[in-house]
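Visitor: I'd like a close look at the empty spaces in this structure, and at what surrounds them. Could you walk me through that part?

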Amino acid sequence: MTTNVKTIPLAFGSGILELDIPEKNISSIILPSELEIKEEGASLIKKALENPIKSKRLSDIVNPDSRIAIIVSDVTRPTPTAKILPPLLEELYIGGAKNENITIVFALGLHRVQTEEECRQLVGEDIFEKIRCIQHDRKRCRHLGETSFGTPVEVFEEVIDSDVIISTGTLEFHYYAGYGGGGKSILPGVSSEKSILSFHSFYSKLFEGDPLSGRTDSPARKNIEEAARIAGLDFILNVVLDSKKEIVDAVAGDLIGAHRKGAEYVDAMYKVPVEPADAVVVSCGGFPKDINLYQATKSLENATSAVKSGGSIILVAECAEGIGNKVYECWNRECRAPEDAVKRFKNRFEFGGHKAAIVGRTAKKFKLYLVSKLPEMESRNAFFIPTKSIDEALEKVLSENPDAKIHVMPNGGWTLTVKQ
């Protein structure tokens with residue numbers, strides 16, 4: 001008897017891998033409830049800027065003498081900064097803002113410094129030439145106070161020396177802060193190493209609790225917003241993207257009010273209730289979500305609710321830039337078993353090590369396969385079973401259970417599964 005096979009394309013870096021899966025094994029293809037794009041991104045941004053939430057318009061906030069800092073995402077984020085900036089600048093010009101008083105600041109957090117070419121590409125050639133663009137320097141931060149969570153608020157001096165601070169970014173799920181966007185470009189975006197490490201160390205206390213992704217009541221989100229208020233963040237402009245990285249919604253205004261409105265939109269599109277299956281095949285959705293394993297683990301987290309305990313997860317992530325964090329790499333080498341990473345993290349927080357603990361916690365519950373460009377040993381060290389192709393990984397799952405029911409998640413970086 002011939003088995004009907006379905007071919008499902010899955011993004012892998014900037015390319016595509018094909019999953020050939022027997023139809024009888026498909027439980028469902030988990031896709032976001034994406035709406036048809038009826039309006040240009042620029043138009044959505046313009047509307048958001050003209051109708052800010054719980055805030056005056058930017059054109060009413062600035063004047064010809066205002067020194068303005070615009071915080072933008074770095075290369076590890078899919079934020080379409082080059083599309084966001086032109087309508088934002090237009091709004092500032094209405095208020096009389098001058099190019100020579102505007103500084104664009106790339107929020108690096110603890111990420112690597114970008115090349116000039118990357119900076120040019122992110123903001124667009126024209127804007128790069130006419131407006132000063134600088135990268136966050138975590139050694140040039142000033143202490144402004146502390147949040148109620150005990151996190152020191154130490155922010156890049158170029159940002160806090162501005163009269164008006166504007167934050168841009170993408171609103172999407174975040175494993176710890178509930179959602180990205182909002183004040184996250186301040187903490188951790190343009191904060192000192194001490195602030196960032198304090199912010200992340202708090203996660204070890206919440207590690208064994210309920211998942212925090214997709215929750216606006218995440219303690220980390222509250223910590224972020226306290227820090228952003230202390231730093232004087234005046235205005236946010238966040239976009240929501242679909243899986244093709246097209247802008248489908250935009251919110252502007254108050255750092256909490258506008259953020260919550262955007263979060264509602266993200267939920268409606270990307271929270272997908274599922275019945276757990278025997279296995280899930282999850283692609284991050286391609287570059288930059290799978291630029292390295294550090295970023296790709298977010299998609300792994302988003303898929304866990306789709307699998308029965310003891311089931312299998314096949315993560316499809318190119319990881320062209322390797323592991324992506326030296327500490328994460330070090331923990332992977334030093335922790336022999338998943339339990340070691342979890343125990344070590346609970347006893348001693350180290351930024352980067354939290355990723356080893358997250359994967360370790362997941363590996364204790366599920367069998368993890370990885371389809372990537374990582375050397376086999378690096379995959380094994382990170383608690384994954386390395387496979388050379390999706391077909392090989394699927395074969396391994398089906399050899400253990402030929403009748404396995406399998407979910408497929410083509411956009412794991414965007415989609416959050418929640419148990420039905």
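Visitor: To start with, what volume does the second largest cavity have?

Guide: Bear in mind that this is a predicted model. The second largest cavity has a volume of about 30 Å³, and the structure holds two cavities of 30 Å³ or more. Around the second largest cavity you'll find L171, E172, F173, V240, L241, V266, Y270 and W414. Sorted by class, that lining has seven nonpolar residues, no polar ones and one charged one. Strand β12 (235-241) and helix α10 (257-270) each supply at least two of its residues.

Now for the other cavity. The largest cavity comes in at about 630 Å³. It is lined by 40 residues, and those closest to its centre are R77, H111, H174, K184 and K298. Two or more lining residues come from each of β9 (164-170), β10 (173-174), α7 (193-201), α11 and α14. Among these, α11 gives the largest share, five residues. The class count for this lining is 13 nonpolar, 20 polar and seven charged. As for where it sits, domain 1 (5-30 + 275-419) and domain 2 (41-269) both contribute to the lining, so the largest cavity lies between the two domains.

Next, the pockets. The largest pocket has a volume of about 610 Å³. Its lining is made of 27 residues, with D210, P211, E301, T304 and R361 nearest the centre. Helices α11 and α14 turn up again here, each supplying at least two residues, as do α8 (203-206) and β20 (416-419). By class, the lining of the largest pocket divides into ten nonpolar, eight polar and nine charged residues. Both domain 1 and domain 2 give residues to it, so this pocket also lies between them.

The second largest pocket holds about 330 Å³ of space. Of its 16 lining residues, L110, H111, R112, G324 and N325 are the closest to its centre. You've met H111 already, as one of the residues closest to the centre of the largest cavity. The elements giving two or more residues to the second largest pocket are α7 and α11. Its lining splits into six nonpolar, six polar and four charged residues. Once more, domain 1 and domain 2 both take part in the lining, so the second largest pocket lies between them.

Since α11 and α14 keep coming up, let's see how they meet. The axes of α11 (residues 293-303) and α14 (residues 353-365) come within 10 Å and cross at roughly 30°. The crossing is left-handed. On the α11 side the contact is made by Y294, T297, K298, L300 and E301, and on the α14 side by H354, K355, I358, V359, R361 and T362. By class, that contact has four nonpolar, three polar and four charged residues.

A few of those names tie the picture together. K298 of α11 takes part in the helix contact and is also among the residues closest to the centre of the largest cavity. E301 of α11 and R361 of α14 are both in the helix contact too, and both are among the residues nearest the centre of the largest pocket.

Key:
Residues numbered from 1 in each chain as written. Predicted model: local features only at pLDDT ≥ 70, side-chain atom pairs only at ≥ 80, totals over all residues. Heavy atoms only, no water. Axes fitted to C-alpha atoms, helices over the stretch in contact; angles between N-to-C directions. Helix = DSSP H or I, 4+ residues; strand = E, 2+ residues; numbered from the N terminus. Left-handed = near helix turned anticlockwise from the far one by under 90°. Contact = heavy atoms within 4.5 Å. Nonpolar A, V, L, I, M, F, W, Y, C, P; charged D, E, K, R; others polar. 1 Å grid on protein atoms, 1.4 Å probe; cavity = no way out; pocket = protein on both sides within 12 Å on 5 of 7 lines; lining within 4 Å. Points joined across faces, edges and corners; volume = space filled by probe spheres on them. Domains from an automatic or database assignment.
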